[in-house]
Amino acid sequence: MTPTRIDWVAEHCRLLRSISAEFMDTLPFQGLTIGTGIHLEAKTVALLLTLRDGGARLVSTGNLNTTQPEAVEALKAQGVTVIGSPTKDREEHGRYLDQVIAERPDLILDNGGDLFAKYLDAPYDGLRGGTEETTSGRMRLEPLRDRLKLPILVINDSPIKQFAENEHAVGQSSLESYLRFTNRVTNGEQVTVFGYGACGRGVAASFRGACARVTVVDTDPVARLRAHLDGFAVPPRGEAIASADVIITVTGARDVLTAADLPLLRDGVILANAGHFPAEIDVEAIAGSAEVAGLREYADDLMTLELTDGRRIHVISRGHMFNLAGPRPLGNSIESMDLGFALQARCLEAVANGSVDASSCVVPVPGRIDAAIATSYLDRKYPAPPGA
Ligand SMILES: NC(=O)c1ccc[n+]([C@@H]2O[C@H](COP(=O)([O-])OP(=O)(O)OC[C@H]3O[C@@H](n4cnc5c(N)ncnc54)[C@H](O)[C@@H]3O)[C@@H](O)[C@H]2O)c1
């Protein structure tokens with residue numbers, strides 16, 4: 001049989017491959033069920049199968065709009081229980097999450113805080129804790145610490161995740177996705193990036209590298225100063241919107257761009273979101289505004305709104321995370337995800353074996369795990385010379 005993309009990805013997730021080999025001996029998850037709510041795509045298949053190799057029974061569902069059918073098939077073929085199918089419908093997605101929690105997992109691997117929030121709606125005995133992948137999830141779970149009272153390690157708050165995935169990889173994959181979706185030029189275009197955190201810094205740098213003129217908007221003056229000193233324009237918000245040919249949101253916040261901004265948007269502007277939730281651009285309210293006279297939906301998840309005054313506004317993937325949507329979505333680079341998922345595997349192992357306790361509720365990855373993963377990655381790149 002011809003090897004698939006999933007095989008290609010598995011082959012290049014070198015950290016996960018070595019953890020898998022170790023887990024087959026140590027079986028850290030023997031007898032445990034891990035409930036997961038993370039994008040189901042080729043790289044997460046490699047992570048989930050690593051956990052399975054550690055003895056776990058897996059019950060998995062995806063996130064909104066990011067489930068890839070080939071990934072589901074590959075997981076099912078390996079005996080993973082996969083719940084649900086690709087959906088953009090929040091209620092349907094909510095039902096899938098409920099079904100994961102109904103299996104009473106011993107550990108939770110969450111992405112966006114969805115599963116831990118569902119657990120708090122219907123708590124049960126035996127949950128040991130788990131991991132949360134994202135900034136958005138950390139923001140959601142932090143206020144719930146008093147109710148959660150479990151070890152929950154936030155992968156996003158590892159410095160490795162910050163620079164390897166959020167900064168370098170999200171920047172590259174957002175540029176790759178922009179080109180893949182639109183097939184439009186970046187050179188000389190005015191690109192406005194909302195959010196200058198780790199992801200926004202990478203997005204801004206990647207578009208600058210593709211010869212765009214990049215402007216940054218951030219609500220935090222310190223982030224704005226950083227963008228300014230990095231050489232980006234940081235004009236007032238209204239000016240940044242009005243001058244943009246392309247607007248990309250990547251903040252983790254809601255309603256970053258709303259129908260109230262419609263009067264400012266230039267004819268032909270392209271809107272895209274790389275933040276976790278499809279709530280950064282209020283596409284529903286924008287499309288439903290009285291200023292919109294018509295709506296054209298193209299194949300490949302592109303949409304054009306025709307305004308009563310003749311302006312056209314293009315929206316990529318209805319504001320869903322565009323580097324994991326549309327035709328042939330590849331997401332972030334394999335190596336960046338291998339690093340992040342190696343952190344996931346080691347953190348779940350630490351929760352399973354009790355080496356972190358409830359005092360570590362919604363906290364960053366322990367430094368010893370970061371150091372071990374960094375060493376392991378670099379050892380592969382710089383093996384000791386023969387005879388050393
Ligand atoms: N697409 C992907 O592959 C991918 C990967 C990792 C993270 N993410 C998501 O990207 C988002 C950003 O992550 P991050 O790690 O950069 O977060 P971060 O917290 O480091 O940075 C977010 C920045 O946005 C700014 N901000 C908040 N609200 C704003 C608003 N209304 N207008 C302008 N700026 C605003 C904040 O001040 C901050 O500087 C999150 O939703 C995260 O989950 C996406």
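**Reading a pocket, a helix and the cysteines**

Modeller: Let's open with a pocket: the second largest one has a volume of about 710 Å³. Bear in mind that this is a predicted model.

Colleague: Fine, but how do you find a pocket at all, and which residues are closest to the centre of this one?

Modeller: The general idea is that rolling a probe the size of a water molecule over the atoms shows where empty space is left. Here, 33 residues line the second largest pocket, and Arg-5, Ile-6, Asp-7, Val-9 and Ala-42 are the closest to its centre.

Colleague: Which helices each supply at least two residues of that lining?

Modeller: Those are α1 (5–12), α2 (14–26), α3, α4 (69–77) and α14 (334–352). Helix α3 gives the largest share, eight residues.

Colleague: And how does the lining divide into nonpolar, polar and charged residues?

Modeller: It's a mix: 15 nonpolar, eight polar and 10 charged.

Colleague: Back to α3, then. How many residues does it have, and what does it reach from its first C-alpha to its last?

Modeller: Helix α3 covers residues 42–53, so to speak a run of 12, and reaches 17 Å, close to the 16 Å expected at 1.5 Å a residue. Just after the helix comes Gly-55, with a positive phi near 100 degrees.

Colleague: Is α3 largely enclosed or open?

Modeller: For that, check burial, meaning under 20% relative accessible area. In α3, 11 of the 12 residues are buried, so the rest of the structure largely encloses the helix. Among them are Lys-43 and Asp-53, along with Val-45, Leu-47 and Leu-49.

Colleague: Now the cysteines. How many disulfides are there?

Modeller: Zero. To read this, look at the distance between sulfurs, which has to be within 2.5 Å to count as a disulfide. The sulfur of Cys-347 has its closest cysteine sulfur in Cys-361, 14 Å away, so that is too far for a bond.

Colleague: Are Cys-347 and Cys-211 buried or exposed?

Modeller: Cys-347 counts as buried because its relative accessibility is 0%. Cys-211 is at 46%, so it counts as partly exposed.

Colleague: Last one: what does the whole chain look like, in helices and strands?

Modeller: The chain has 15 helices and 14 strands. Its radius of gyration is 21 Å, close to the 21 Å from the globule rule for 388 residues, so the chain is as compact as a globular protein of that length. The C-alpha atoms fill a box of roughly 65 × 55 × 50 Å along the principal axes, and 56% of the 388 residues are buried.

Terms used:
Residues are numbered from 1 along each chain as its sequence is written. This is a predicted model: local features need pLDDT of at least 70, side-chain atom pairs count only at pLDDT 80 or more; totals for chains, interfaces and linings use all residues. Side-chain values use heavy atoms; hydrogens and water are left out. Helices (H or I, at least four residues) and strands (E, at least two) are DSSP runs, numbered from the N terminus. The expected span of a helix is 1.5 Å times one less than its number of residues. Buried means under 20% relative accessible area, exposed over 50%, partly exposed in between (1.4 Å probe, protein chains only). On a 1 Å grid over the protein atoms alone, a cavity is a set of points where a 1.4 Å probe fits but cannot get out, and a pocket is an open set with protein on both sides within 12 Å along at least five of seven lines; lining residues have an atom within 4 Å of a point. Grid points are joined across faces, edges and corners, and a volume is the space filled by probe spheres set on the points. Ala, Val, Leu, Ile, Met, Phe, Trp, Tyr, Cys and Pro count as nonpolar, Asp, Glu, Lys and Arg as charged, and the others, Gly among them, as polar. The radius of gyration is taken over C-alpha atoms; the globule rule is 2.2 Å times the number of residues to the power 0.38.
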